[in-house]
Amino acid sequence: PSHCSASASSSALSDSNAPKQPFVIGVSGGTASGKTTVCDMIIQELHDHRVVLVNQDSFYRGLTPEESKRVHEYNFDHPDAFDTEQLLDCIQKLRGGQSYQVPIYDFKNHHRSSESFRQVNASDVIILEGILVFHDQRVRNLMNMKIFVDTDADVRLARRIRRDTVERGRDINSVLEQYAKFVKPAFDDFVLPSKKYADVIIPRGGDNHVAIDLIVQHIHTKLGQHDLCKIYPNVHVIQSTFQI
Ligand code: CTP
């Protein structure tokens, strides 16, 4: 529902200096479904707002020396591969208006840098993107809007082969092996079941300009209402009219 809290208080109307709370959007979908493209298109169209993108990939755990030796047996598609506590901390801080030092992850070496970080600053809109961002209920609960990018598995596999061989230093056999052993089963066990939490499902991902336009229009409307919720916390907004 698009309501703020319900009780009435005229004094709240004068509290126009209250900080706005960022609007948090979750973007999920299978590997190489086009999540990043969808996020980039949303960011472009929201040019009159400050928007930051946080990737769940940045919160991959580093591997132990033992795991590194047997990396072909490591399941990067299981929820346990991510440091969800740290992801949660990041989104909570950003939501509270604080900046956050987001880790930098290296897909070629399966390694998280311990020295370099990306500073993410407070913003109007926070977009959290990743294969399993709807898996943990606590992370889900921080989202104001959830989008699932739905792209056929054959299209995703074709993109993944190209991306992993060109950008992530893999050979085609290892990509296919990893896909059959871990990526596809985890998609069926964890990613697909989390689709039910989505508010919006976008077929064909970044190719779907109509869906992106509709979503951005909706975000603009919500940002307006959202700001009112914060500025006038005790006012009940129904269809753009105040009920006090
Ligand atoms: N992965 C990997 N090696 C690592 C870490 C992750 O191969 N060291 C893979 C996992 O198998 C997982 C994928 O990375 O399936 C997650 O990234 P993905 O969602 O495919 O990347 P995005 O660029 O976010 O996706 P999209 O194309 O949808 O934008």
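These are my notebook entries on a predicted model of one protein chain.

**Entry 1: the whole chain**

I started with an overview. The protein chain holds seven helices and nine strands. Of its 244 residues, 45% are buried. I then looked at contacts between residues at least 6 apart in sequence, and found that 76% of them join residues at least 24 apart.

**Entry 2: strand E6 and its partners**

Next I picked strand E6, residues 145-150. How many of its six residues are buried? Five are, and E6 is mostly covered.

I looked for the strands beside E6. Strand E1, residues 23-29, pairs with E6 in the parallel sense over five bridges. One pair I noted is glycine 29, whose bridge partner in E6 is valine 149. Strand E7, residues 200-203, also pairs with E6 in the parallel sense, here over four bridges. In that pairing, phenylalanine 148 stands opposite isoleucine 201 of E7.

A reminder to myself: side chains in a regular strand alternate between the two faces of the sheet.

**Entry 3: aspartate 150**

I stayed in E6 to look at aspartate 150. Is this residue buried or exposed? Aspartate 150 has 28% relative accessibility, so it counts as partly exposed; the cut-off for buried is under 20%.

Setting aside residues up to four places away in sequence, I listed what aspartate 150 touches: Lys195, Ile201, Ile202, Pro203, Arg204 and Gly205. I also checked a distance to glycine 30. The two residues are 120 apart along the chain, yet 7.5 Å separates their C-alpha atoms.

**Entry 4: two positive phi values**

Most residues other than glycine have a negative phi. I therefore wrote down two residues with a positive one, against that general habit.

Arginine 204, on the contact list of aspartate 150, has a phi near 65°. Arginine 204 sits in the loop between E7 and helix H7 (209-231).

Alanine 32 has a phi near 50°. I found alanine 32 in the loop between E1 and H1. Its relative accessible area is 12%, so alanine 32 is buried.

**Entry 5: helix H1**

From that loop I moved on to helix H1, residues 35-45. Which of its residues are buried? They are Lys35, Val38, Cys39, Met41 and Ile42. Looking down the axis of H1, I see these buried residues within an arc of 165°, so they line one face of the helix. The general rule helps me here: an α-helix has 3.6 residues a turn, so residues three or four places apart point the same way.

**Entry 6: the largest pocket**

Then I turned to empty space. The largest pocket contains about 650 Å³. Its lining has 30 residues, and the closest to the pocket centre are Thr36, Asp57, Glu129, Arg163 and Arg168. Which elements give two or more residues to this lining? H1 and helix H5 (153-166) do. By class, I counted six nonpolar, 13 polar and 11 charged residues in the lining.

**Entry 7: the largest cavity**

I also looked for closed spaces, and there is one cavity of 30 Å³ or more. The largest cavity has about 40 Å³ of space. Its lining is made of Gly30, Thr31, Asp77, Ile131, Val183, Ala186, Phe187 and Val191. By class, this lining divides into five nonpolar, two polar and one charged. Glycine 30 was already in my notes, for its 7.5 Å separation from aspartate 150.

**Entry 8: two buried loop residues**

Last, I looked up serine 58 and alanine 81.

Serine 58 lies in the loop between strand E2 (51-55) and H2. Its relative accessible area is 9%, so serine 58 is buried. Beyond residues up to four places away in sequence, serine 58 touches Val102, Pro103, Tyr105 and Arg112.

Alanine 81 lies in the loop between helix H2 (65-69) and helix H3 (84-95). At 2% relative accessibility, alanine 81 counts as buried. What is in contact with alanine 81, apart from neighbours within four places in sequence? I listed Phe59, Tyr60, Arg61, Tyr74, Asn75 and Phe76. I also checked alanine 81 against aspartate 57, which I had met at the pocket. These two are 24 residues apart in sequence, and their C-alpha atoms are 9.7 Å apart.

Conventions. Residues numbered from 1 in each chain as written. Predicted model: local features only at pLDDT ≥ 70, side-chain atom pairs only at ≥ 80, totals over all residues. Heavy atoms only, no water. Buried < 20%, exposed > 50% of the residue type's maximum accessible area, 1.4 Å probe, protein only. Contact = heavy atoms within 4.5 Å. Arc of directions from axis to C-beta. 1 Å grid on protein atoms, 1.4 Å probe; cavity = no way out; pocket = protein on both sides within 12 Å on 5 of 7 lines; lining within 4 Å. Points joined across faces, edges and corners; volume = space filled by probe spheres on them. Nonpolar A, V, L, I, M, F, W, Y, C, P; charged D, E, K, R; others polar. Pairing = 2+ DSSP bridges.
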